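I sat down with a fresh page and a cup of tea to look a few things up. Here are my notes, in the order I took them.

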Amino acid sequence: MQRSTIHIRSIAADIIITLLTCGLYNIYLQYKQMEAVNEMLKQIKYSFVSWFLLSLITCGLYHVYHEWRMSVDICTALNQPNSNEPLACLILSVMGLPFVDDALQQAQFNKYFGS
């Protein structure tokens, strides 16, 4: 079964553009990563509008949960149930570095969709 390569992205370019746009590009990245996870899971589990509204209402706290949950689902799809990546993503999000944990997640997407 051939996987779509549309979800493969340059991690360095994503980080640079995110920094240059003061984080605004990361909103677009969230949308693209939700599409990728939904395709990996073969179901629509993540909704951009729900994430955006809940993140606004909770002043970003929902985003911390969202990053952890997405990492758990990525590890499940990659058959890595004992991975420490969800914990690392949670810690990075709490520390205010969600773009770094997005880079970790993108590395997993690149591995999954590139194989």
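The entries below go through the pocket, the cavities, the core, the cysteines and a few single residues.

**Entry 1: what I am looking at**

I am working from a predicted model. I kept that in mind for every entry.

**Entry 2: the largest pocket**

I started with the open space. How much space lies in the largest pocket? I noted about 240 Å³.

Next I listed the lining. Asn 26, Ile 27 and Gln 30 are in the lining, as are Trp 51, Phe 52, Ser 55 and Leu 56. Cys 59, Gly 60, His 63 and Pro 98 complete the list. Two elements, helix H2 (24–41) and helix H3 (48–57), each give two or more residues to this lining. Which element has the largest share? I wrote down H3, with four residues.

I also sorted the lining of the largest pocket by class. I got six nonpolar residues, five polar ones and no charged ones.

**Entry 3: the cavities**

Then I turned to the closed spaces. How many cavities of 30 Å³ or more does the structure hold? I found two.

The largest cavity comes to about 60 Å³. Ile 11, Asp 14, Ile 15 and Thr 18 line the largest cavity, together with Asn 26, Leu 29 and Gln 33, and with Phe 99, Asp 102, Ala 103 and Gln 106. Helix H1 (11–20), H2 and helix H6 (98–114) are the elements that give two or more residues to that lining. By class I have five nonpolar, four polar and two charged residues around the largest cavity.

The second largest cavity has a volume of about 40 Å³. Its lining is made of Ile 6, His 7, Arg 9, Lys 32, Gln 33, Ala 36, Gln 106 and Phe 109. H2 and H6 are the elements that give two or more residues here, and H2 has the largest share with three. The class split for the second largest cavity is three nonpolar, three polar and two charged.

I put a pencil mark beside Gln 33 and Gln 106, since I had written both for the largest cavity and both again for the second largest. Asn 26 got a mark too, as it is in the lining of the largest pocket and of the largest cavity.

**Entry 4: Asp 14**

Asp 14 from the largest cavity's lining made me curious. Is Asp 14 buried or exposed? Asp 14 has a relative accessible area of 8%, so it counts as buried. Asp 14 sits in helix H1. Leaving out residues up to four places away in sequence, Asp 14 touches Arg 9, Tyr 25, Leu 29 and Gln 106.

**Entry 5: the nonpolar core**

In soluble globular proteins, nonpolar side chains tend to be buried together. I went looking for the largest such group here.

The largest nonpolar core has twelve residues. Met 34, Ala 36, Val 37, Met 40, Tyr 46 and Trp 51 are in this core, and so are Met 70, Ile 74, Leu 78, Phe 109, Tyr 112 and Phe 113. H2, helix H4 (61–77) and H6 each supply at least two of its residues. H2 has the largest share of this core, with four.

I followed Phe 109 a little further. Beyond its neighbours within four places in sequence, Phe 109 is in contact with His 7, Gln 33, Ala 36, Val 37, Met 40, Ile 74 and Gly 114. Ala 36, Val 37, Met 40 and Ile 74 are also members of the core.

**Entry 6: the cysteines**

How many disulfides does a search of the whole structure find? Zero.

I checked Cys 75, which is in no disulfide, with the nearest cysteine sulfur, that of Cys 89, 7.8 Å away. A disulfide needs the two sulfur atoms within 2.5 Å, so this pair does not qualify. Cys 89 is in no disulfide either, and its nearest cysteine sulfur is that of Cys 75. Cys 75 is buried, at 3% relative accessibility, and Cys 89 is buried, at 0%.

**Entry 7: two positive phi values**

Most residues other than glycine have a negative phi. I jotted down two that do not.

Cys 22 has a positive phi of about 55°. Cys 22 is in the loop between H1 and H2, and counts as exposed at 74% relative accessibility.

Lys 42 has a phi near 60°, also positive. Lys 42 lies in the loop between H2 and H3, and at 56% relative accessibility it counts as exposed.

Note on methods. Residues are numbered from 1 along each chain as its sequence is written. This is a predicted model: local features need pLDDT of at least 70, side-chain atom pairs count only at pLDDT 80 or more; totals for chains, interfaces and linings use all residues. Side-chain values use heavy atoms; hydrogens and water are left out. On a 1 Å grid over the protein atoms alone, a cavity is a set of points where a 1.4 Å probe fits but cannot get out, and a pocket is an open set with protein on both sides within 12 Å along at least five of seven lines; lining residues have an atom within 4 Å of a point. Grid points are joined across faces, edges and corners, and a volume is the space filled by probe spheres set on the points. Ala, Val, Leu, Ile, Met, Phe, Trp, Tyr, Cys and Pro count as nonpolar, Asp, Glu, Lys and Arg as charged, and the others, Gly among them, as polar. Buried means under 20% relative accessible area, exposed over 50%, partly exposed in between (1.4 Å probe, protein chains only). A nonpolar core is a set of buried Ala, Val, Leu, Ile, Met, Phe, Trp, Tyr and Cys residues joined through side-chain atoms within 4.5 Å. Contact means heavy atoms within 4.5 Å.
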